[in-house]
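User: Could you take a close look at one part of this model for me? I'd like a connected walk-through rather than a list.

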Amino acid sequence: MDTSIQENNYMVNDLAAQSHQEHYPGEVIRADQLDGNRFLFNCQNGVRLVLHVLSDKILRFRYLTDGPLSPDFSYAIPADGRPLPAPEFLEFKEKSDHYRLTTGRLICIIQKENLKTRVLDRSGSILSDDEKGFHWEYDYDTGNDIVKMSKQVPAGVHYYGLGDKPDNMNLRGKRFTNWGSDTYGYVKGSDPLYKNIPFYHVLHQKIAHGIFFDNTFKASFDFAAERADVTSFWAQGGEMNYYFIYGPTLMEVTQEYTLLTCPPELPPLWTLGYHQCKWSYFPESNVKEIASGLRDRQIPCDALYLDIDYMEGYRCFTWSKEHFPDPKRMVQELAEDGFKMVVIIDPGIKIDPEYSVYKEGIENDYFCRRADGPLMKGSVWPGLCNFPDYTNPEVREWWAGLFKELVQDIGVKGVWNDMNEPAVFEKGTFPPDVRFNYEGNWASHQKAHNIYGMQMARATNDGVKKFSYPNRPFTITRSTYSGGQRYSSGWTGDNIASWEHLWLANIQCQRLSISGFSFIGSDIGGFVDTPTGELYARWIALGAFHPFFRTHSSGDHGDQEPWSFGEPYTSLARHFIELRYRLLPYMYTTFWQYATAGTPMLRPLTFLDQNDTETYLRMAEFGLGDNLLVCPITQPGADGRWMYLPRGDWFYYWTDAPTAGGSEVWATADLTRIPLFVRAGAVLPMQPVLQYVGEKVIEELTLHVYYKNGTLESILYDDGGEGYGYEEGHKTLRRFTVTGSTTELVISQAIEGDYQPSYATYRVVLHGLAGALTATADGQAAAVTEATLETGLKLPSLVVPVGFGEVQVSVVPPVVPKAVAPAAPVA
């Protein structure tokens, strides 16, 4: 063989091998401060790091391997989002072997030799330390860099978050992928699933921080699964672009992330009521029968759903003339009985030259195309379809306009987006060469897949909001990306009627909540297969404490309405749905906290007390808002369960038994109960049971006040639950402070805002007090009477004006709190 040919072959093979090698930053040769809080580090091999100090607690790391800076664009973080507080302190210094950047809360060290970083708190505790740090590998098939980041795993570290992953709450030792997938009948450990939220929490030595990897390509996360001392994340393209978010509490990490990606606006109050759904309710007579079944049985319900069979041949934005000949009349008649109609809309638009939506999409070139120009075709429920490119602002505007007839003319109140991972029947999703506008930054499906569902929900929400005004919109999505909470609520997808899935629903909803997406629920009872009456009763008991509260099932597995299982299960379903309606003031207040402060509505046990290491591996118990603790029963035949009660003092809701936290307790809970505790010192607002939101004027609100030897503040937010008057200041925040001693209980109220509720009085129910009680309200004597509660308890109560300033209750003889020993049963 010719020697030169042989040498050339070696060279070619060597270059090919090099293309599959991992590459690393070189030595830092220059560092510049670009503006007040952005710093550029240049390496000798062309790698750059842009380090952006967004606040004292948030650092953004953006690595580039070659070429100019690409446009800095993110679907997760809106350009017009909430401004972050500027760093209160910022210092940048060059040392002999590193650069040191210091904020009011953090210290960041950048090594000159290799661009590795280390983040510490101001006390010097190491929070994050690069292992290999940033590195990358060229992917010849796509032309992208596979961008990677690896960090050291210190002893005793724990990981939480990452969206809807159906696995243990603590992620350590696991590996996951974000690639939105239609995963029918998933099980524990299934991965990937529908949602793509690349954000997780790190808890080490009782100090928390978060990592948000803002990259829309297929991304993977290894939490010390492959190597016990290394955690890593990587993506099949795009930039290594991540945010370090300091707590130091887990709650603060979620808040900072949620405010960075922006929480949703307040929903209409009715959306927090009970919803009834099935694939599918049709024809009209069946819908009316379901509505009558709910009202005749006095089972509260606010929303009924129509799945794909309401359409003409599954064509979106159409109605079946056979099954729903006059939808406007039907929707109006249901509305007169308090039902709001929610309909499904999928992304697949049937290829049919006689179909107006298809014709408009073709005429305006609104559908996705393959790399060489043909339209993307894929089969879903209507048959062969084309698919809108929701990353094109013009397409989103067109899509939003399509909701005029449904919402403004017919009166539909909500829209439900499904199949938007995007899912197609041929190969699961679109081929990789499909092209997207991506806000003018043309991209392949590799980059756009994980945000497709989010952008569909965005366009849908734009339309529903426009045509619902002056009322608020309601949308639901199956797939989303970080920041998608701005546009919709969601559910956990096509689950199964099993006890394992009841357990999973609890974990998934908690995990999504701490991942910024609190308006979440599961298909109560399971979408696939049929539950027993006992399983349905336990599931609806849990669902009553999830923000999105909906029964949904597949039509070919039998009926799944609250009365489908006979007695006693019908009465049990009514019992827990009624409890949800009584709790609506509390649930709405908790949503307001989420919408304004970014606090998760559902809070895992670790979030309630990260200083208690007993909470780190537990996952059944969760907090709803500030003052409720819930723990579902997830096994058949159980009459209660052992559960861990966080430190502090609690009352068992069903019996009023005072219970000391900080250890396991046995909570007795037959089918009429779910283990539910109220924090001592709490003021828990409750309203009368309604068959639907707005059924009648609420004349009196009940404040359940739980004794505490000490002080605790609770809040109650109200703005009427509809419209946008709250944006003009028509809202009220009431702060209740409970201060207890052995001789008295004082409840003070501070009112902010001018919204006037319909009720003029509170009935204050006193928990944990016994003996002879006397009371005054703003110095005037108030009569203490006995109230009989829905739990059967008979407790002292008094009626006071809604605007009271201070209620003082004197106790004779003095209170002697009798907290149940931690390991004793709660009756």
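How much area do domain 2 and domain 4 bury between them, and what share of it is on carbon and sulfur atoms?

Analyst: Sure. Keep in mind that this is a predicted model. Between them, domain 2 and domain 4 bury about 1,800 Å², and 57% of that is on carbon and sulfur atoms.

To place the two partners: the domain assignment gives domain 2 in three pieces, 276-346 + 393-423 + 452-585, while domain 4 runs over 682-811. That assignment also lists domain 1 (17-247) and domain 3 (603-674). Taken over C-alpha atoms, the centres of domain 2 and domain 4 are 33 Å apart. Domain 2 brings 23 residues to the contact and domain 4 brings 18 residues.

Who pays for the burial on the domain 2 side? Arg472, Arg582 and Pro585 lose the most area to domain 4, and together they make up 43% of what that side buries.

Now the polar part. The count of salt bridges between domain 2 and domain 4 is two. Arg472 turns up again here, in a salt bridge with Asp719 whose closest N and O atoms are 3.3 Å apart. That clears the cut-off, because a salt bridge needs a Lys or Arg side-chain nitrogen within 4 Å of a carboxyl oxygen of Asp or Glu. As a rule, side chains of opposite charge can pair when their charged atoms come close. Looking at polar contacts across this interface, the rule finds nine residue pairs, with both residues at pLDDT 80 or more.

In terms of secondary structure, helix 11 (569-582) and helix 12 (584-597) each supply at least two residues of the domain 2 side that touches domain 4. Helix 11 gives the most to that side, with four residues. Sorted by class, the domain 2 side has eleven nonpolar, three polar and nine charged residues.

For some context away from this interface, the structure holds 46 salt bridges. One of them joins Glu22 and Lys132, with the closest N and O atoms 3.2 Å apart. That pair links distant parts of the chain: Glu22 sits in strand 1 (residues 22-23) and Lys132 in strand 10 (residues 126-138), 110 residues apart.

Aromatic pairs come to 67 by the rule used. Among them, Phe41 and Phe92 are edge-to-face, at 6.0 Å centre to centre with 70° between the planes. This pair also ties together distant parts of the chain, with Phe41 in strand 3 (residues 38-43) and Phe92 in strand 6 (residues 90-94), 51 residues apart.

Technical notes
Residues are numbered from 1 along each chain as its sequence is written. Side-chain values use heavy atoms; hydrogens and water are left out. Domain bounds come from an automatic or database domain assignment. Contact means heavy atoms within 4.5 Å. Buried area is the accessible area (1.4 Å probe) that two parts lose on being put together, summed over both. A polar contact is a pair of N or O atoms within 3.5 Å; within protein, one must be able to donate a hydrogen and the other to accept it, and residues adjacent in sequence count only if both atoms are side-chain atoms. Ala, Val, Leu, Ile, Met, Phe, Trp, Tyr, Cys and Pro count as nonpolar, Asp, Glu, Lys and Arg as charged, and the others, Gly among them, as polar. Rings of Phe, Tyr and Trp (its six-membered ring) pair if their centres lie within 6.5 Å; planes under 30 degrees apart count as stacked, over 60 as edge-to-face and the rest as tilted.
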